[in-house]
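Subject: Structure for you to look at

Hi,

Here's the structure I promised to pass on. Have a look at it first, and then read on for what turned up.

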Amino acid sequence: MNAIDTRIIEMLKKNARESFANIGKAVELSAPAVGNRVKQLEEKGVIRGYTLLLNHEKLGITTKAYIILKIHQSSTLRTAYNQIRSLPEVQRCDRITGEDSLCILGYFRDNKDLVNLLERISQYGVPNTSIILES
């Protein structure tokens with residue numbers, strides 16, 4: 001990777017749909033040359049994918065929360081991780097170090113949906129929830 005690749009990545013981080021022509025102008029390359037570099041970055045695994053940013057409020061999401069789950073038994077950690085991360089409300093599920101085993105980011109229509117998730121995951125451990133006020 002060189003400085004041009006780094007600049008291309010920075011521009012794609014700001015707008016993953018930026019045209020190769022606009023990126024090319026910024027880095028002084030042709031659009032096809034930028035396309036080739038992006039393809040190489042994808043093939044090397046530097047660029048793993050692209051994301052979509054949503055306005056969650058317009059989708060009816062009013063509650064977002066971090067849930068730290070302290071697993072009851074270490075033997076259930078892998079099962080809990082696999083089950084929880086596949087739930088539709090769960091945006092992220094990370095295994096973490098320390099006493100706590102999982103850090104979960106969830107998006108919910110309301111607090112009632114949050115409570116429903118907490119009840120479902122309580123079979124695996126003790127949840128500690130922090131509602132996100134601003135992000």
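Let's start with a pair of strands: strand 2 and strand 3 run antiparallel to each other and are joined by five bridges. One contact to find on screen is Arg 95, whose bridge partner in strand 3 is Leu 102. The two strands make a hairpin, with six residues between them. In that turn, look for Gly 98, which has a positive phi of about 95°. Do keep in mind that this is a predicted model.

Strand 3 also pairs with strand 1. Strand 1 covers residues 63-71 and strand 3 covers residues 102-108, and their antiparallel pairing runs over seven bridges. Leu 102 turns up again here, as the bridge partner of Leu 69. So that you can place the helices: helix 4 (residues 77-85) packs on the sheet and touches strand 1, strand 2 and strand 3. Its direction makes about 160° with that of strand 2. Helix 5 (residues 111-121) packs on the sheet too, touching strand 1, strand 2, strand 3 and strand 4. The direction of helix 5 makes about 15° with that of strand 1.

Now for the whole sheet. In what order do the four strands sit in the open sheet? The order is 2-3-1-4, with antiparallel pairing. At the edges are strand 2 (90-95) and strand 4 (125-131), each of which pairs on one side only. From one strand to the next, the twist averages 20°.

Happy browsing!

Key:
Residues are numbered from 1 along each chain as its sequence is written. This is a predicted model: local features need pLDDT of at least 70, side-chain atom pairs count only at pLDDT 80 or more; totals for chains, interfaces and linings use all residues. Side-chain values use heavy atoms; hydrogens and water are left out. Two strands pair if DSSP finds at least two bridges between them. Axes are lines fitted to C-alpha atoms, for helices over the stretch in contact, and angles run from 0 to 180 degrees between N-to-C directions. Contact means heavy atoms within 4.5 Å.
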